[in-house]
Amino acid sequence: MIKVSVMYPYGPEARFDHDYYRNQHMPLIKRRMGAALRYYSVDKGLSGGTPNLPATYVGMCHLLCDSLETYHASFDPHAEELFGDIRHFTDQTPVVQISEVIVENSSESET
């Protein structure tokens, strides 16, 4: 499984509409990618590593797909539309990282 993380840097003047991101942009991605997008999550930055530091990212999402090929086959045909929608919720340029998921659920206790 792979995870595509799209992160929007925090800045004191950064504009980011979390409601639009959650209720419009992410469902649009899901509609375009269809079943290839296994699931996604959305994060809202609260703080940095210590309580007095601002969050590194004002918002981010994580898209999980079975493979890099599946992701590209379902996302790339819609990339122009999806990237074009970014202006509706932020003025920040996203940072994108694609990772292989090594552990999907570590909440089970080890005995």
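1. A nonpolar surface patch is a nice place to start: Leu68, Val96 and Ile98 together show about 230 Å² of accessible area (Shrake-Rupley method, 1.4 Å probe, with only the protein chains shown counting as cover for residues). Patch members have over 30% relative accessible area and no salt bridge, with like charges joined within 9 Å and nonpolar side chains (Val, Leu, Ile, Met, Phe, Trp, Tyr) within 5 Å; a salt bridge is a side-chain nitrogen of Lys or Arg within 4 Å of a carboxyl oxygen of Asp or Glu.

2. Please keep in mind that this is a predicted model, where local features need pLDDT of at least 70, side-chain atom pairs count only at pLDDT 80 or more, and totals for chains, interfaces and linings use all residues. Residues are numbered from 1 along each chain as its sequence is written, and side-chain values use heavy atoms, leaving out hydrogens and water.

3. Ile98 sits in strand E4 (residues 95-100); strands (E, at least two residues) and helices (H or I, at least four) are DSSP runs numbered from the N terminus. Ile98 is partly exposed because its relative accessibility is 39% (buried is under 20%, exposed over 50%, partly exposed in between; 1.4 Å probe, protein chains only).

4. On to the rings: there are 9 aromatic pairs (Phe, Tyr or six-membered Trp ring centres within 6.5 Å; planes under 30 degrees apart are stacked, over 60 edge-to-face, the rest tilted). Tyr8 and Phe89 pair edge-to-face, as their centres are 5.6 Å apart and their planes at 80°. Tyr8 belongs to strand E1 (residues 2-9) and Phe89 to the loop between helix H3 (79-84) and E4, so this pair ties together parts 81 residues apart in sequence.

5. Phe89, with a relative accessible area of 0%, is buried. Ring pairs join Tyr8, Phe16, Tyr20, Tyr21 and Phe89 in a cluster.
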